[in-house]
Amino acid sequence: MPLSEQEQRLLDEMERHLMRNDADVVTGPREGQSLSYRNIVYGSLLVLVGIGGLIVGVSSSIIAIGVVAFIVMVGGVVLALTPSRSGTAGRGATAGTRKPAASASAFGSAGFMDRMNDRWDRRNGER
């Protein structure tokens, strides 16, 4: 069953609120940011080089080579999992400070939770 237009708008507003305020959502990749295939390929190559270096370091009993190889492997994983930033230049500073258009609704400058409480009270008062 599809959502009505009002339910879809409410869901979109809740999503925008979560994106602004929830720490778990904020730390994840944002709109326009995705994993880069180039970073994944380079990171995978670094991990493979690190594994090879680790094998060489263990087989030759040279600890320094093994430590450096391990650091290269960790760097490869970090590189592969770093989201690309192409197309997001300039969004970072204004995205969190801009007020959404929904805040200029019939409730004036009330916060999101105040509007939600008012809606809840109106719905429960109608029954």
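Helices (H or I, at least four residues) and strands (E, at least two) are taken here as DSSP runs, numbered from the N terminus. By that reckoning, S61 sits in the loop that joins helix 3 to helix 4, and this loop makes a handy landmark for the description below.

The structure is a predicted model, in which local features need pLDDT of at least 70 and side-chain atom pairs count only at pLDDT 80 or more, whereas totals for chains, interfaces and linings use all residues. Residues are numbered from 1 along each chain as its sequence is written, and side-chain values use heavy atoms, with hydrogens and water left out.

The protein chain is made up of six helices and zero strands, so its elements, read from the N terminus on, follow the order α-α-α-α-α-α. Of its 127 residues, 15% count as buried, where buried means under 20% relative accessible area, exposed over 50% and partly exposed in between (1.4 Å probe, protein chains only). Contact is used for heavy atoms within 4.5 Å. Among the contacts in the protein chain with a separation of 6 or more, 66% come from residues 24 or more positions apart.

Helix 1 covers residues 5-21. The expected span of a helix is 1.5 Å times one less than its number of residues. For the 17 residues of helix 1 this gives 24 Å, and the end C-alpha atoms are indeed 24 Å apart. Its buried residues are L10, E13 and H17. They cover an arc of only 60° around the axis, which puts them on the same side of helix 1; the arc is that of the directions from the helix axis to the C-beta atoms. L10, a residue of helix 1, counts as buried at 17% relative accessibility. Not counting residues up to four places away in sequence, L10 touches M116 and R119. L10 and M116 are 106 residues apart along the chain, yet their C-alpha atoms are separated by 9.4 Å.

Helix 3 runs over residues 37-59. With 23 residues, helix 3 should span 33 Å, in agreement with the 33 Å between its end C-alpha atoms. N39, G43, G50, G53 and G57 are the buried residues of helix 3, and helix 4 is included in what covers them. Helix 3 is followed by S61, the loop residue introduced above. The phi of S61 is near 60°, a positive value in a residue other than glycine. S61 is also exposed, with a relative accessible area of 64%.

Beyond the loop comes helix 4, residues 63-81, whose 19 residues should span 27 Å; the end C-alpha atoms are 27 Å apart, which agrees. G66, A69, M73, G76 and A80 are buried in helix 4. They cover an arc of only 80° around the axis, which places them on the same side of helix 4. The face turned away from that buried side carries the exposed residues I63, A64, V68 and I71. On the buried side, the partner is helix 3, against which the buried residues of helix 4 pack.

Two packed helices are described by the angle between their axes and the distance between the axes. Here, axes are lines fitted to C-alpha atoms, for helices over the stretch in contact, and angles run from 0 to 180 degrees between N-to-C directions. Helix 3 and helix 4 pack at an angle of about 165°, with their axes 7 Å apart. That makes helix 3 roughly antiparallel to helix 4, given that angles under 35 degrees count as roughly parallel, over 145 as roughly antiparallel, 65 to 115 as roughly perpendicular and the rest as oblique. The crossing of helix 3 past helix 4 is left-handed, a term used if the near helix is turned anticlockwise from the far one by less than a right angle, with right-handed used if clockwise. On the helix 3 side, the residues that meet helix 4 include N39, G43, G50, G53 and G57. Their counterparts in helix 4 include G66, A69, M73, G76 and A80.

A80 gives a closer view of this pairing. This residue of helix 4 counts as buried at 12% relative accessibility. Leaving aside its neighbours within four places in sequence, A80 is in contact with L35, N39, I40 and G43. A80 and Y37 are 43 residues apart in sequence and 8.3 Å apart in space, C-alpha to C-alpha.
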